[in-house]
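Hi,

Here is the structure I promised to pass on. Please open it alongside this note; what I found follows below.

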Amino acid sequence: MFTLAEVASLNDIQPTYRILKPWWDVFMDYLAVVMLMVAIFAGTMQLTKDQVVCLPVLQSTVNSKAQPGTSGKADFTTVETTTGQGEEASMRTVSFGSAPTVTPDVPLSRATSPQYQPTESGQELKKEQKDSSGRKTNLDFQQYVFINQMCYHLALPWYSKYFPYLVLIHTIILIVSSNFWFKYPKTCSKIEHFVSILGKCFESPWTTKALSETACEDSEENKQRLTGAQSLPKYVSTSSDEGSPSASTPMITKSGFKFSADKPMIEVPSVTILDKKDGEQAKALFEKVRKFRAHVEDSDLIYKLYVGQTVIKTVKFIFILCYTANFVNTISFEHICNPKVEHLIGYTQFECTHNMAYMLKKLLISYISLICVYGFICLYTLFWLFRIPLKEYSFEKVREESSFSDIPDVKNDFAFLLHMVDQYDQLYSKRFGVFLSEVSENKLREISLNHEWTFEKLRQHVSRNAQDKQELHLFMLSGVPDAVFDLTDLDVLKLELIPEAKIPAKISQMTNLQELHLCHCPAKVEQTAFSFLRDHLRCLHVKFTDVAEIPAWVYLLKNLRELYLIGNLNSENNKMIGLESLRELRHLKILHVKSNLTKIPPNITDVAPHLTKLVIHNDGTKLVVLNSLKKMTNVAELELQNCELERIPHAIFSLSNLQELDLKSNSIRTIEEIISFQHLKRLTCLKLWHNKIVSIPSSITHIKNLESLYLSNNKLESLPAAVFSLQKLRCLDVSYNSIALIPVEICLLQNLQHFHITGNKVDVLPKQLFKCVKLRTLSLGQNCITSIPDKVSQLLQLTHLELKGNCLDRLPATLGQCQLLRKSGLVVEDHLFDALPSEVKEVLNQDTSIPFANGI
């Protein structure tokens, strides 16, 4: 027999799970407890008091009932048993009615009984018969006990004997079915995690103190903005996720907090909004909710399990009700028993009474009533499960009440758990929804960020760049700290890997800001901030993974001078490079695109008349279509690097204003088309480095105005005399080729200032080289040179001389006559420098402040 404590443990669900138990589950738990009590009470009564009492049905009585005169009369026999101090017992049989006295045959077992001895006197027998008004049965106590036990098992219906145990088993099954989803390993872990997160979200200070105070601040800020710019929308969002803006609708209203500001609020110090510990806990909760959602939304096991256990309880209820109703009438007080032991007791039939029949019948009716109520609740649960789509949960009402318009709807087990929580208290889901909102998370990050990045800390990160401008680089922050916009003297602002960057109206006080970098940072701007950037920003760098990440407002900055786009612009997105159009960038002069283009996007032609410099750096993708170049008549600088070009594009020959052409890192093998460059009267710089060029055609002489020629990292074996006919050439770079000889015609380049021939096979330096007296840079490293002529002293303007990597034994002492050459500009092995005379080394080691002459 189970004890109450042992059975009750099956229903001992942790108190924290109560939020997942709707009213019907709670009510069914109480019904199960009542049914359990019925089973225990009935079982206890049955073990202590359950018995039957049987009396034999006499043959004379049966015969007398068959007589016509006595057919309408009923005989009732009662038996009283008394137990003495010993094992002896006396029995008295009392007969009620008019049946005649009949003495049955004496059984063999009673033949030696003292009360039947013939030695008794006739007077005593008559007196005894006269005093007794009953009828003798000739059975002793042990025989009655034997008959009672046999008839308990033979005559009594089985349901009367096992009713309490069946109720106990059924109740345990129902309890297990009700709580199985809390115990099943595949679901209990998710439920425990959910309950834990839900409790923390409900009690988090972020859902109470922080939100209320930031709401007041937002209301005050919005009020101030409205008074300052009544004609403009409150917020402008430019996230590329929301699509590309058109010229008529350049901005999208930012979704955010919507709180009333009927009463003026005093600005609350940021320290009082949320302390650091609470802020960290709230950020951890956002991360936990995000991961839990991703883990639970991919399946509906909890929902299916709950539906399954509800169906099992409903089927169980129908089964119990069907078979139990049939046994209600079988429980009765009187029973006829035929034990078939006549050879032992002399009687064939007994009439028995069941003393617990009345109580068991009442308990059974009570149990049926409880089962009916239980079953109706199960049917209601099934109706609720299938009436609404429980695998979908909408926060529409929460969004309306809390103004968190970005709370997403959830599905599958996550949605089902929230539906169950709503049956307990809808306040839980409202507070839980706060941690599903990106607006709420961003606001929390903003508060924590402003606590950490103060004005003093930001000031320490400001540095000077190569252009001697004040620059601030912010990397991998949750947002842009408000204190950034107090750095009014900042020239360059770099924002990198900041997914929720927002540029408020305060940027308008940064009057020196002219350059902005957005590296994987789809920044949003307010309308006032956009107006400031549109009028003041001159240079913008945007680095992205996909073209959709480029903020739409970039293409509306009408005063922008330089635009740098670095990211993926494959063939599918080429048509989107303009994101509507570049037409609004009327003052754009420099466009730098580092991507993987297969053709020059047509939208670039929208600004082609204004462009003076176009740079396209491909990642090795072949640039095929270049016809759009013909429209860029004002382009002075053109770079097509790493575009897998095999020849010089013919479209370039139409650029009459071209001054500098850079075709670095392509696959150009021949440059016979170079003759067409004679039409480009303004071309002064030609860069064909890092290609596969094997020879220089003589037609290069037609580029009369060429001042810089870069042919390094090619496959040249010689320098033709035609190169030295370019009288205006100031820079010649033929490094890292296979050139073995420097032609003596090099002396014709009287304007040559920079000559680079590093990494070749030169072994002898012609004396004519030193007639180029304007040389400032001479790179001769990594060759086979064995000696340096003394005439190197003629290069009075030489500031940089590279000789490292040759076969030199010594350096000429005349190096000391190169007035501008210093040790820092002399690249040689240490032992060669140490071998110089001390006076030469002294000259080379001294500092100089003489300005360079004839610089480029």
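Start with the strands; bear in mind that this is a predicted model. Strand β15 (residues 562-566) runs parallel to β16, and five bridges join the two. One pair to look up is L565, whose bridge partner in β16 is V593.

β16 also pairs with strand β17 (residues 613-618). That pairing is parallel too, with six bridges. Here S595 has N618 in β17 as its bridge partner. How well covered is β16? The strand spans residues 590-595, and five of its six residues are buried.

Next, N691. The residue sits in the loop between β20 (685-687) and β21 (708-710). Is N691 buried or exposed? N691 is buried because its relative accessible area is 6%, and the cut-off for buried is under 20%.

The side chain of N691 makes two backbone links worth a look. A polar atom of this side chain lies 3.0 Å from the backbone oxygen of L663. A polar atom of the side chain also lies 3.2 Å from the backbone nitrogen of N666. Leaving aside residues up to four places away in sequence, N691 touches L663, K664, S665, N666, S667, I668, N713 and N714.

Last, helix α16. This helix covers residues 438-452, 15 residues in total. From first C-alpha to last, α16 reaches 21 Å, close to the 21 Å expected at 1.5 Å a residue. Its buried residues include V439, N442, K443, I447 and L449.

Best wishes

Definitions and conventions. Residues are numbered from 1 along each chain as its sequence is written. This is a predicted model: local features need pLDDT of at least 70, side-chain atom pairs count only at pLDDT 80 or more; totals for chains, interfaces and linings use all residues. Side-chain values use heavy atoms; hydrogens and water are left out. Helices (H or I, at least four residues) and strands (E, at least two) are DSSP runs, numbered from the N terminus. Buried means under 20% relative accessible area, exposed over 50%, partly exposed in between (1.4 Å probe, protein chains only). A polar contact is a pair of N or O atoms within 3.5 Å; within protein, one must be able to donate a hydrogen and the other to accept it, and residues adjacent in sequence count only if both atoms are side-chain atoms. Contact means heavy atoms within 4.5 Å. The expected span of a helix is 1.5 Å times one less than its number of residues. Two strands pair if DSSP finds at least two bridges between them.
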